[in-house]
Structure formats: structure tokens, C-alpha cells
Amino acid sequence: MRAESYIEFKPRPARAASQGLPMNRISIVSDIHGNAPALEAVEADIRRREPDLVVNLGDHISGPLWPAETLAELKGRDWVHIRGNHDRVVGTLPPERLGPSDRFAHERIDEAGRKWLLNLPPVVRLEYGLTPDSEINVNKTGDSVLRVDLLDAVSIARKVAGLDP
């Protein structure tokens, strides 16, 4: 059984009202794999778009690049982070059982970093505040074994479109 984290998502009314934005804006990132320069570019795009919420679907650091630097950057972000399959592997298996990329990441982060990855929820369900006008900005998608459930927004959209009673 997977533990779920429920997030009550409500848009920031002050931002929406001050900028005349009728929709909620969500940015979704995933599969960063320790690529700090790519993360910087994605963060610049996110800042430009000013979303109400950022969701990181996981696989934060695994890769032969900059795992410690990437982890430090991500931990400082007020994003919803979800544990990916590589996050679980790097956080649980001993180095000798890891592939080269996962081992590289494991050896460059400390125990506190591994615990942070393991304590991330494997599933997040966004429950409130999404409307048919919600905009979901996907910066990069991946093969995450986890999901963000946006069913409520779909149900509302179907009702508004007259497809459901």
C-alpha cells in the first residue's frame, strides 16, 4: 500500500486579482536527474510564468552530474516534491547494489539527503481549487511511477462542457 499526501491547493487570489488572471497555473517538472544547469533553465521559465503551484514528479538527483548541488537547490524550493523510483533506489539500496548513475548520486549526498528523498510522498493528490480554466504547464514529463491526480478538474470541465449531468 502506498502512502498518499493530500494537498489542498488554492490559488493565490492576490496574484490572480492583481494580474487579472482567471486561471490557476500549475508547473510540473520531473526527471531532473542531477542536471543542475537544466534545473536552472527550468526554474527561470517557472519564474517567468509565475505558477500558483509547482509539482516535481521525482527522480531528483540520480545521474553522473551534480546530485548534491541539485538536491540543495531543490530542497530550498517551495514545491510539492514526489518521490520517484530512482529517489527510492538511491535512498534505500547500498552502493554495491546500484547502477553507475545511482551509485554516483548515492556517494555524493549525505544520509540526511537520502532521508529527505525517502520521506517524500510517492503519491500526491491535488484536491481543491482546480477549475476548468486551470492551466497545467508541463516542463518535462518522464516515466515516473507516481501520479498527480487531477480528476476533480476533469470532472468540473466535463460538467461545464455539458458532457456530464
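This is a guided tour of one protein model, arranged as a series of selections to make in the viewer.

**The whole chain**

Begin with everything shown, and keep in mind that this is a predicted model. If you colour the protein by secondary structure, you should be able to find 7 helices and 7 strands. Following the chain from the N terminus, the elements come in the order β-α-β-α-β-α-β-α-α-α-β-β-β-α. The protein has 165 residues, of which 41% count as buried. Another way to view the whole is through its contacts: among those between residues at least 6 apart in sequence, 84% join residues at least 24 apart.

**The largest nonpolar core**

Next, select Ile26, Ile28, Leu53, Val55, Leu57, Val80, Ile82 and Val124, and show their side chains. These 8 residues make up the largest nonpolar core. Which elements give two or more residues to this core? They are β2, residues 25-29, and β3.

**Helices α2 and α3**

Now turn to the helices, for which one piece of background is useful. Two packed helices are described by the angle between their axes and the distance between the axes. Select α2 and α3, whose axes come within 9 Å and cross at roughly 25°. Because an angle under 35 degrees counts as roughly parallel, α2 is described as roughly parallel to α3. To see where the two helices touch, show Ala36, Leu39 and Glu43 in α2, which meet Thr70, Glu73 and Leu74 in α3. Sorted by class, the contact of α2 with α3 has 3 nonpolar, 1 polar and 2 charged residues.

**Helix α4 and its two partners**

Move on to α4, residues 85-92, and add α6, residues 111-118, to the selection. These two helices pack at an angle of about 140°, and their axes are 8 Å apart. That angle makes α4 oblique to α6, and the crossing of the pair is left-handed. On the α4 side, show Asp87, Arg88, Val90, Gly91 and Thr92, and on the α6 side show Arg114, Leu117 and Leu118, since these are the residues that meet. By class, this contact of α4 with α6 has 3 nonpolar, 2 polar and 3 charged residues.

Keep α4 in view, hide α6, and bring in α5, residues 100-108. The axes of α4 and α5 come within 9 Å and cross at roughly 60°, and the two helices are therefore oblique to each other. In which sense does α4 pass α5, left-handed or right-handed? The crossing of α4 with α5 is right-handed. Here His86, Val89 and Val90 in α4 meet Asp102, Ala105 and His106 in α5, and the residues of this contact divide into 3 nonpolar, 2 polar and 1 charged.

**Pro95, between α4 and α5**

From here, follow the chain to the loop between α4 and α5, where you will find Pro95. With a relative accessible area of 26%, Pro95 is partly exposed. If you leave aside its neighbours within four places in sequence, Pro95 is in contact with Arg103, His106 and Glu107. You can also draw a line from the C-alpha of Pro95 to that of Ala105, which spans 9.6 Å in space, while the two residues are 10 apart in sequence.

**Leu65 and Asp59, between β3 and α3**

Select next the loop between β3 (53-56) and α3 (67-75), which holds Leu65. Leu65 is partly exposed, at a relative accessible area of 35%. Not counting residues up to four places away in sequence, Leu65 touches His33, Gly34, Asn35 and Phe104. Taking His33 from that list, the C-alpha atoms of Leu65 and His33 are 7.9 Å apart in space, although the residues are 32 apart in sequence.

Asp59 also lies in the loop between β3 and α3. Is Asp59 buried or exposed? At 1% relative accessibility, Asp59 counts as buried. Its backbone deserves a look as well, for the phi of Asp59 is near 60°, a positive value in a residue other than glycine.

**Glu50, the last stop**

Finish in the loop between α2 (36-49) and β3, where Glu50 lies. Glu50 is not a glycine, yet it has a positive phi of about 50°. With a relative accessible area of 35%, Glu50 is partly exposed.

Conventions:
Residues are numbered from 1 along each chain as its sequence is written. This is a predicted model: local features need pLDDT of at least 70, side-chain atom pairs count only at pLDDT 80 or more; totals for chains, interfaces and linings use all residues. Side-chain values use heavy atoms; hydrogens and water are left out. Axes are lines fitted to C-alpha atoms, for helices over the stretch in contact, and angles run from 0 to 180 degrees between N-to-C directions. Helices (H or I, at least four residues) and strands (E, at least two) are DSSP runs, numbered from the N terminus. Angles under 35 degrees count as roughly parallel, over 145 as roughly antiparallel, 65 to 115 as roughly perpendicular and the rest as oblique. A crossing is left-handed if the near helix is turned anticlockwise from the far one by less than a right angle, and right-handed if clockwise. Contact means heavy atoms within 4.5 Å. Ala, Val, Leu, Ile, Met, Phe, Trp, Tyr, Cys and Pro count as nonpolar, Asp, Glu, Lys and Arg as charged, and the others, Gly among them, as polar. Buried means under 20% relative accessible area, exposed over 50%, partly exposed in between (1.4 Å probe, protein chains only). A nonpolar core is a set of buried Ala, Val, Leu, Ile, Met, Phe, Trp, Tyr and Cys residues joined through side-chain atoms within 4.5 Å.
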